[in-house]
Amino acid sequence: MSHTPLLFSGNANKQLAEDIAKRLKVHLGKALVAKFKNEETRVEIGENVRGSEVFVIQPICKSPKGDGVNDALMELLLMIDALRRASAARITAVIPYYGYAKQDKKTKGREPISAKVVANLIKVTGAKRIVTMDLHAAQIQGFFDLPVDNLMAMPVLCNYLKKEGLCDDKIVIVSPDAGGVHRAELFAKRLNASLAIVFKRRPEPDVSEVTDIVGDVTGKVAVVVDDMISTGGTLAKAAEAILARGATKVYTVATHGIFAGEAIDVLEASPIEKVIVTNTIPFAGVENHPKFVQLSIAQTLADAITRITTNRSVSELFGDEESPNFANPLPAPDALEPVAVS
Ligand code: R5P
């Protein structure tokens, strides 16, 4: 098998795929990913992939042109199928944002487990490995009987916060719900900061209410850490509650900026100083907005692709959280500085 990776992209986030390809000093593979007149997805791979190590880069999210989440998923599946039938040696699905992750278990009767359905589809079409980032629930890895590399945006986000002076005893890292505590702990360790937890309830889907805060936020700059921003309600409500408890300012960081529905308006109207996300999802609508910052995780994905292609450890990219050096990790030899793209 050739050690030069072949990269292909659907339409969900071509800019990110091009950025990764540039860092790997390769071109994106030729592929037609379009629609028939009847709206069905049409795919044709435009070059030989026989015997090759192939990566398909496609988050499961809306495209900048407005194609929907389901279009992104269908493009991903049909590209994998086409590449498998064209005799690619190994196909890795690079899914920077794994959509359909919210329904990852039955919380009441007659609900699907959508995250499992998507995993089945990806496996059945022929992917042999998955690379993703900050899964909404880490146990989704177990929905695949395949190797899954669940990368973290944490180093890129922490580097940015450190550069902005948001670290040490000036700040408190806040998890906006009980489910995010482990992620918040990693940020707190890396930034040498204290930790607080907001407790939230959802009286109905996409609506959140803060019930309590554990930990001291008084007199500190709070940095709220989440995996995704959908309606913006979780972070806006958390910010109000944290300020009411005596924090001086609130910043928020999240890996995936979905910004669904009225999210931009909700966040604009909120007391949050800055909303910092990565480019796993295209940044439509808030480019050049002073309150929103988007950081590139292209280098992290490029490093993971290099390491997979050359059979090197991927977890080394993130440091050992039990190590005393976790707060000051040595940069990986192939890591570049994160690039702010806003
Ligand atoms: C919840 O479990 C997640 O970590 C996020 O807090 C949530 O999905 C954000 O959703 P929204 O922005 O709609 O409140």
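How far does a polar side-chain atom of threonine 231 lie from an oxygen atom of the ligand? In this predicted model, the separation between that threonine 231 side-chain atom and the ligand oxygen is 2.6 Å. Once bound, the ligand is mostly enclosed: on its own it has 380 Å² of accessible area, and the protein covers 90% of this.

Two further polar contacts involve charged side chains. In the side chain of aspartate 227, an N or O atom is 2.6 Å from an oxygen atom of the ligand. For lysine 200, the corresponding distance from a side-chain N or O atom to a ligand oxygen is 3.3 Å.

The shell around the ligand comprises 14 residues, of which Asp226, Asp227, Ser230, Thr231 and Thr234 come nearest. By residue class, the shell contains 6 charged, 6 polar and 2 nonpolar residues. Three secondary-structure elements each contribute at least two residues to this shell, namely strand S9 (194-204), strand S11 (221-229) and helix H6 (233-244). Strand S11 makes the greatest contribution, supplying 4 residues. Aspartate 227, which provides one of the polar contacts described above, falls within the range of S11 (221-229). Lysine 200, the source of the 3.3 Å contact, falls within the range of S9 (194-204). The site occupied by the ligand is the largest pocket.

As regards the overall fold, the chain contains 14 strands and 8 helices. Its radius of gyration is 20 Å, close to the 20 Å given by the globule rule for 342 residues, and the chain is therefore as compact as a globular protein of that length. The C-alpha trace spans about 60 × 45 × 40 Å along the principal axes of the chain.

Conventions. Residues numbered from 1 in each chain as written. Predicted model: local features only at pLDDT ≥ 70, side-chain atom pairs only at ≥ 80, totals over all residues. Heavy atoms only, no water. Near = heavy atom within 4 Å. Polar contact = N/O pair within 3.5 Å; in protein donor to acceptor, adjacent residues only side chain to side chain. Areas by Shrake-Rupley, 256 points an atom, 1.4 Å probe, with all protein chains shown as cover. 1 Å grid on protein atoms, 1.4 Å probe; cavity = no way out; pocket = protein on both sides within 12 Å on 5 of 7 lines; lining within 4 Å. Sits in = over half its atoms within 2 Å of the grid points. Rg over C-alpha atoms; globule rule 2.2 N^0.38 Å.
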